[in-house]
Amino acid sequence: MLSDKELKKKFGREFTENYEKYFPVSELKELGFSRNKCTNCGKYFWSSDKKRKLCGEPECIGGYKFIGREHNPMSFTDVWKKFSELLSGMGYTPIKRYPVVSRWNPTSDFTIASISDFQPYVVNGTVKAPANPLIVPQLCLRFNDIDNVGITGRHFTGFTMIGQHAFLPPDRFDQGKMFLDYFRWFEEGMKINKKDLVIHEDIWAGGGNFGPCLEFFSKGLELGNQVYMFFEQDHKGNKKELDIKVLDMGMGQERCAWYSQGTLTNYEAVFPSVFEYIKKTTGVNFKNSLLKKFVSYAGIIDFEESGNAEKNWDYISKKTGVKKDKLKDEIMKYCAVYSIGEHTRTLLYALNDGALPSNTGGNYNLRVLYRRVMDFINKYDWDVDPMDVIRLHADYLKEQYPEMKENLNDINNIMIVEKRKYLDNRKRSRQIIEKILKNNKSIGKNKLMELYDSQGINPEELKKEAEENKYDVKIEIPPNFYALISEKQEKHREKEEKTIKEKISLKDMPETKPLYYESYDILEFEGIVLKVIGRNVVLNETAFYPTSGGQIHDKGFLANYKVVDVFKQGKVIVHVLDKKPSFKKGQKIKGRIDGERRIQLAQHHTATHIVNGAAKRHLGNHVWQAGASKTMEKSRLDITHYENLSDKDINEIERIANEVVKNNIPIYKTTMKKTLAESKYGFGIYQGGAVPGKELRIVEIPDFDVEACGGTHLNTTGEVISIKIIKTSKIQDGVVRIEFLAGQAAENYFNQETKQINELMDLLKCDKKQIPARCEELFKKWKLARKNKLDKFELKSKDKYEGDIMNQSAHILRTQPEHVVKTVKRFLEDIKKYTKQ
């Protein structure tokens, strides 16, 4: 498979050479546009000015030409309102945005473009779009532009891409009409004179799809682009025509507001209340004449694309008459104000939609943003609280995105923990910095990236420390440092691509009907043999559950043969028997499920949904399932959460879960179209990740939990009997594991626990409530007895471990009471032995 950049390089020339085939040429000509080639960069573009020799890129025309000039001014929210009104009148249906955490999409952590809402299943024709054609104000996150934020005036890590989309067969795809519909926005919506529009030819690629693209520029600013997604790549990177042709127009809502207002940068136009607050709090003077000179040329600095950012800094230095180093120092203060405003807005978008800062995967980018905000605040010694800024953002955005105000308490708790981690990290890094500067003569890109990843040491802080303390060390900071950090994390993203390895040949096999979808208590059934390969048997329908979704398979019998394994290959369920059967194709056979195993697994699976719902209800909406396993012995659930669970948290989650069990709520299992399920229940149904196919099986506990799930589930919550959390642990940054028991497994545990508590009460001569205090007293008594009898008293590692058990017995009794019993017995025996000596 080729990368997006490789796709562009491979097919870009073909689109350029055959432009009449791929672009709406007749419509462009009818509007009075002619095709030209930029004498500076070589790009092909269309303009109504036949003599025009330069394209619309700011690098080619010498920067932005709209700043300081109002043009039909619109606020950020005005842009969507006006666009929506105009396009609705042309037959486009406005829909609500999708979350920025793209749990429906197996190819990406975050929603990076409006078309991401519909990849891969709508684009490949598996699922119908929620409307067709449609428009959407989609929030997007991209982290390759972190270094550009605050400097170019136009870049964001979190932004709204207004999408204009259609998904149509080739005979209904009218490229010319769709182009003209969008062109009307510039003429009628933004009221831009045709002579001020420059339209570039290009190629776009993303998510494995690609096609020709038109980019719309005015006065140096790219306002949007319209992609005609005609192709996907096959496994060899070759072009393959899509069965459904896709219109993918993406336009920056922020840029339209900026262009219309003509403010110094995009940030003043997009979050004016936040900008005024930070400006007032920091006291930074934005009436500086240097800043006004700089912003006109700032568009030519792009750390991702320009290739030589330093050359562009030299150019601006010459134009402004200010030495490059002084220019950078001056501009970085303004950059800091803009970046604090921009990064906090992105954090609001991400945290509101359920993401958490982390040391791993795509969520590491959120930690980078938070650190960068705090680094700027510390560098300039500003009294700015990022959470105050987030609240201002939420208030300003409420007209278009009212949901941003719903989770502010959760976000505040996350920010408190993140600040604690940041401050702890800064304390540790002080000593590390000194050691690094003493022992190195040169620190390059790779070392700087390693220090940032592992220790949270930013390169600017390292360089400043070296200069202030006169260390003889050369530090080379890449201009696109934060983009490199983001790219590195993307490469190491722990996103599993689950590919099914073909175990047996199942060509032309029809989908197996899963009888367990109807009810978990179907334990006997009849099925027709479709295929026998060795010990593997395929039936037309079955009640046997295959290993999937974290739940292990059923066991039982097909006729008189033992079923030892069950797996799913594609849509076909395969039974593995203990030996090769004598079945013939077309034969009807009886199946029997191990009832005890089935019930226990169903209890653990339903309990997993209940515990997940209880955790979300108690801890907050940031809680999502990050993994799960259901076996006969126990169940485990991994959830997203920013810190370890306290005993209070555990008790409350368990209490809520058992309250749901006690209420004996009906559990509804229904199969429905994917788009209907998403519309009715939202994207919280994807707790287990993306689910392929046109239809989803929805498991609903009314007013408590709804998930897309193919597992065996009980008919009522009361059938779970009881839930007991036996252990919790932090398995990685931002992920907590909860291990628990349900049904008979829980009852067995309760019986054993009661036995052990009674034994402890007998050993310690106390009631249940007094056990923790008596354990602490026993440990003190044991240490004193041992100290009195030994010449040299020293606690060994085993003694310290068991001492911790005694001092933390209140917690350990909940999860591992057998350890407390064992340790109490040992200490009592030792005390008895020491007393006798």
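Helix α12 passes helix α15 in a right-handed crossing, and that pair is a handy place to start on this predicted model. Seven side chains are worth picking out here: L348, L351 and N352 from α12 meet L408, I411, I414 and M415 from α15. Sort those residues by class and you get six nonpolar, one polar and no charged.

What about the geometry? Two packed helices are described by the angle between their axes and the distance between the axes. In this case α12 covers residues 324–352 and α15 covers residues 408–439, with axes that come within 10 Å and cross at roughly 110 degrees. Angles of 65 to 115 degrees count as roughly perpendicular, and α12 and α15 are therefore roughly perpendicular to each other.

Now for the strands. There's a closed barrel of six, in the order β13-β14-β18-β17-β16-β19, paired antiparallel. From one strand to the next, its twist averages 45 degrees. Inside the barrel, β14 and β18 run antiparallel and are joined by three bridges. V538 sits opposite V574 of β18.

Further along there's an open sheet of four strands, ordered β20-β21-β26-β25 and also with antiparallel pairing. Which strands stand at the edges? They are β20 (625–630) and β25 (723–732); each has a single partner strand, so one side of each is left without a neighbour in the sheet. The twist in this sheet averages 15 degrees from one strand to the next.

The edge strand β20 is joined to β21 by five bridges, with the two running antiparallel. One residue pair to look up is S629, whose bridge partner in β21 is R636. Helix α19 (residues 595–619) lies across β20, β21, β25 and β26, and it runs at about 135 degrees to β26 (735–742).

Here are the two bridged strand pairs side by side:

| Strand pair | Bridges | Direction | Residues of one strand |
|---|---|---|---|
| β20 and β21 | five | antiparallel | β21: residues 635–640 |
| β14 and β18 | three | antiparallel | β18: residues 572–577 |

How far should you trust the coordinates? The protein chain has a mean pLDDT of 89, and 95% of its residues reach 70 or more. One stretch to watch is residues 492–502, where the pLDDT is below 50. Beyond near neighbours in sequence, that stretch has 15 contacts in the model. Where pLDDT is low, the predicted coordinates should not be read in detail.

Notes: Residues numbered from 1 in each chain as written. Predicted model: local features only at pLDDT ≥ 70, side-chain atom pairs only at ≥ 80, totals over all residues. Heavy atoms only, no water. Pairing = 2+ DSSP bridges. Axes fitted to C-alpha atoms, helices over the stretch in contact; angles between N-to-C directions. Contact = heavy atoms within 4.5 Å. Parallel < 35°, antiparallel > 145°, perpendicular 65-115°, else oblique. Left-handed = near helix turned anticlockwise from the far one by under 90°. Nonpolar A, V, L, I, M, F, W, Y, C, P; charged D, E, K, R; others polar. pLDDT = per-residue confidence, 0-100.
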